[in-house]
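These notebook entries record what I looked up in the structure shown below. I begin with an annotated span and then turn to the overall fold, the helix contacts and the salt bridges.

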Amino acid sequence: MPKLTFFNLPEEKKQTLIQAAEKEFSRVPLFEASITNIIKEAGIPRGSFYQYFEDKDDAFFFLVNEFARKMNISFVDILRRNDGDIFDTMVEVFQLVIGEEENLNFLRNAFLNMTYKIEHAFGRIIDVNEISENFRAISPLIKKSNLNISNDKELFHVLQIIKTITFRHLIETFAQELSTEEAIENYMIEVRLLKHGLARK
């Protein structure tokens, strides 16, 4: 979490620092990133960086959390627009993420060097902690009559399954450098299988 001094920065200076960090984390993964490059790009002394962030991990996770926060807003908007259909919503969210040209290299580096902490941060796009405020807000929006579930506990597990499939496809998309069309086609095959069930009736 950035320090209070970061949030108190004038907006222009804050954006300059954010863009410098984004540029570095788009160039290389977190473990290879250099604070020296960030401060050089932002035009600030090294001491100033530590007035705003604890370390480079702090700056990186601020960017990940901001991306997840924005995507979560989009997720809720798309879910409403799709009348609560979680499957159609997730296809649109997947398309939105892989279509993020501005953040593509940042996302590629993050997903190809995924750790539990990074996965947890991105997981906030669909917050599936069943006691979270976000889950309680999302649950009434999902059209549960479309799902073979009995309660919110089962909905929680459905969202966990969908989230796992989505993350795997994002990693595969970046690792294999799939085209948008290929990535969406592969993702939709698994979403359809999930939607219609794997066992013959």
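**Entry 1. Annotated spans**

How far apart do the end C-alpha atoms of residues 34-53 lie, and what percentage of the span is helix? I worked from a predicted model. The end C-alpha atoms of residues 34-53 are separated by 14 Å, and the span is 75% helix and 0% strand. I looked up this stretch since UniProt, in an unreviewed entry, annotates residues 34-53 as "DNA-binding region".

I then consulted the record for residues 11-71, which UniProt lists as "domain: HTH tetR-type", again in an unreviewed entry. Over residues 11-71 I read 79% helix and 0% strand, with the end C-alpha atoms 22 Å apart.

**Entry 2. Overall fold**

I counted the secondary-structure elements next. The protein chain has 11 helices and zero strands. Read from the N terminus on, the order of elements is α-α-α-α-α-α-α-α-α-α-α. Along the principal axes, the C-alpha atoms of the protein chain fill a box of roughly 65 × 35 × 25 Å.

**Entry 3. H2 against H5**

I examined helix H2, residues 11-27, against helix H5, residues 56-81. Their axes come within 10 Å and cross at roughly 95°. An angle of 65 to 115 degrees counts as roughly perpendicular, and H2 and H5 are therefore roughly perpendicular to each other. On the H2 side I noted Ile18, Ala21, Glu22 and Phe25; these meet Lys56, Ala59, Phe60, Phe62 and Leu63 in H5. I sorted the residues of this contact by class and obtained seven nonpolar, no polar and two charged.

**Entry 4. H6 against H11**

How do helix H6 (residues 86-98) and helix H11 (residues 180-196) cross, and within what distance do their axes come? I found a crossing angle of roughly 160°, with the axes coming within 10 Å. Angles over 145 degrees count as roughly antiparallel, so H6 and H11 are roughly antiparallel to each other. The crossing of H6 past H11 is right-handed. From H6, the contact is made by Phe87, Asp88, Met90, Val91, Phe94, Gln95 and Ile98. From H11, I listed Thr180, Ala183, Ile184, Tyr187, Met188, Val191, Leu194 and Lys195. The contact of H6 with H11 divides into 11 nonpolar, two polar and two charged residues.

**Entry 5. H7 against H10**

I next took helix H7 (residues 104-112) and helix H10 (residues 152-175), which pack at an angle of about 115° with their axes 9 Å apart. H7 and H10 are therefore roughly perpendicular to each other. I recorded a left-handed crossing of H7 past H10. H7 contributes Leu104, Leu107, Arg108, Phe111 and Leu112 to the contact, and H10 contributes Phe167, Leu170, Ile171, Phe174 and Ala175. By class, I noted nine nonpolar residues, no polar ones and one charged in the contact of H7 with H10.

**Entry 6. Salt bridges**

How many salt bridges does a search of the whole structure find? My search returned eight. I looked further at the salt bridge of lysine 14 with glutamate 11, where the closest N and O atoms are 3.6 Å apart. Why are these two residues about one helical turn apart? Lysine 14 and glutamate 11 are separated by about one helical turn because they are three residues apart in helix H2.

Methods
Residues numbered from 1 in each chain as written. Predicted model: local features only at pLDDT ≥ 70, side-chain atom pairs only at ≥ 80, totals over all residues. Heavy atoms only, no water. Axes fitted to C-alpha atoms, helices over the stretch in contact; angles between N-to-C directions. Helix = DSSP H or I, 4+ residues; strand = E, 2+ residues; numbered from the N terminus. Parallel < 35°, antiparallel > 145°, perpendicular 65-115°, else oblique. Left-handed = near helix turned anticlockwise from the far one by under 90°. Contact = heavy atoms within 4.5 Å. Nonpolar A, V, L, I, M, F, W, Y, C, P; charged D, E, K, R; others polar. UniProt positions renumbered as here; feature names shortened; annotations may be inferred. Salt bridge = Lys/Arg side-chain N within 4 Å of Asp/Glu carboxyl O.
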